[in-house]
Amino acid sequence: MPLIETNGLTKRYSRVTALDGLTLDVEPGIIGLVGPNGAGKSTLIKILLGLVDATTGTAEVLGLDAAREGLRVREVVGYMPEHDCLPPDQSATNFVIHMARMSGIPPSAARERASEVLRHVGLFEERYRHMGGYSTGMKQRVKLAQALAHDPQLLFLDEPTNGLDPQGRDEMLDLVERTGHEFGISIVMSSHLLSEIERVCDGLIVIDDGKLMRTGRIAELTDETAVLAVEVEWDADRLADMLTERGLEVQVLGRELEVAGGGSDGVHDAILDAVVTLNLPLVRMERRRRTLEELFQPGADGAEASNGAG
């Protein structure tokens, strides 16, 4: 069963069209929902949760009609909103227990579930503190914990790294990845940063100005290039000089070289021969893959809209 299906989904406000004929067929996994601010990402999530009505079109989540069965959708879906929504005078434990109870979980089970998810997000030792004294990173973790409180089949995460410093972003992305893999929960993660999506997601949905720009599996979108990435422990410059003398096109990036023509056995053999000749420790040699940022640069091949489920 598809995770999400939409057909001609459109949402118009008085002066703006937030979604414009969006048609999707999304399979389970960790899916990145990408687009610039104002692209329609949050509007799409709210329609899928049954919190906002579409102007036209249909949307189903886990086989449930989002417009007619919004309450049932929210029983099986967790939602981590972008905005700050935590009561500052409550502890994380009390808040997550409350959210679990709101989902129909009995009191004793709700307390057990709160301890479990707060441990998962790394707040077990801080669970009795009032959330008004939490850092931004801790608040983001509580929002993820409450989204997991009722053991959902699917999570919607709206900009989960919003407001975090680089270390905090790394930790949150690791947590998102572990949640998907360890709990076996499908995730739709909204972000405006392609690098975040590429790091943790299996699939990709790109929308801009309310329209679908691209959807697909990330492994298929970021296909291998004809460039070999070669990393050595030291003397990368000497290796580059030798390869250049042998007629190869080389770029030095610290300890790593990028060598054009990686699809050729001759290039592969020439690199290995040079490494042996210079007696260098070879760390790795592999075909470089395109990044999502490269894929969506103006003028890149396939940068136009593409259909196909992510």
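The centres of domain 1 and domain 2, taken over C-alpha atoms, sit 43 Å apart in this predicted model. Domain 1 runs over residues 4-217, and domain 2 picks up at 226 and carries on to 288.

Turning to open space, the largest pocket holds about 410 Å³. Its lining takes in 17 residues, and R74, V77, M99, S103 and H150 are the ones that lie nearest the pocket centre. Several elements chip in with at least two lining residues each: helix α2 (70-76), strand β6 (77-80), helix α3 (92-102) and helix α5 (136-148). As for the chemistry, the lining of this pocket is a mix, with 11 nonpolar residues, four polar ones and two charged ones.

Enclosed space is another matter. Searching the whole structure turns up one cavity of 30 Å³ or more, and the volume of the largest cavity comes to about 60 Å³. Around the largest cavity are I4, L24, V26, L33, L44, I45, L48, F156, V188 and I205. Sorted by class, that makes 10 nonpolar residues, with no polar and no charged ones in the cavity lining. Strand β2 (17-26) and helix α1 (41-48) each put at least two residues into the lining of the largest cavity. Of the contributing elements, α1 gives the most, with three residues.

One acidic side chain also deserves a look. D65 belongs to the short run of strand β5, residues 64-65. With a relative accessibility of 15%, D65 falls under the 20% cut-off and therefore counts as buried. What does the side chain of D65 find among backbone nitrogens? A polar atom of this side chain lies 2.9 Å from the backbone nitrogen of A67, and the backbone nitrogen of R68 is likewise 2.9 Å from a polar atom of the D65 side chain. Both distances are within the 3.5 Å used for polar contacts. Further along the chain, leaving aside neighbours within four places in sequence, D65 is in contact with A59, E60, G70 and V73. Two of these partners, G70 and V73, fall in the residue range of helix α2 (70-76), the helix that also supplies at least two residues to the lining of the largest pocket.

Conventions: Residues are numbered from 1 along each chain as its sequence is written. This is a predicted model: local features need pLDDT of at least 70, side-chain atom pairs count only at pLDDT 80 or more; totals for chains, interfaces and linings use all residues. Side-chain values use heavy atoms; hydrogens and water are left out. On a 1 Å grid over the protein atoms alone, a cavity is a set of points where a 1.4 Å probe fits but cannot get out, and a pocket is an open set with protein on both sides within 12 Å along at least five of seven lines; lining residues have an atom within 4 Å of a point. Grid points are joined across faces, edges and corners, and a volume is the space filled by probe spheres set on the points. Helices (H or I, at least four residues) and strands (E, at least two) are DSSP runs, numbered from the N terminus. Ala, Val, Leu, Ile, Met, Phe, Trp, Tyr, Cys and Pro count as nonpolar, Asp, Glu, Lys and Arg as charged, and the others, Gly among them, as polar. Domain bounds come from an automatic or database domain assignment. Buried means under 20% relative accessible area, exposed over 50%, partly exposed in between (1.4 Å probe, protein chains only). A polar contact is a pair of N or O atoms within 3.5 Å; within protein, one must be able to donate a hydrogen and the other to accept it, and residues adjacent in sequence count only if both atoms are side-chain atoms. Contact means heavy atoms within 4.5 Å.
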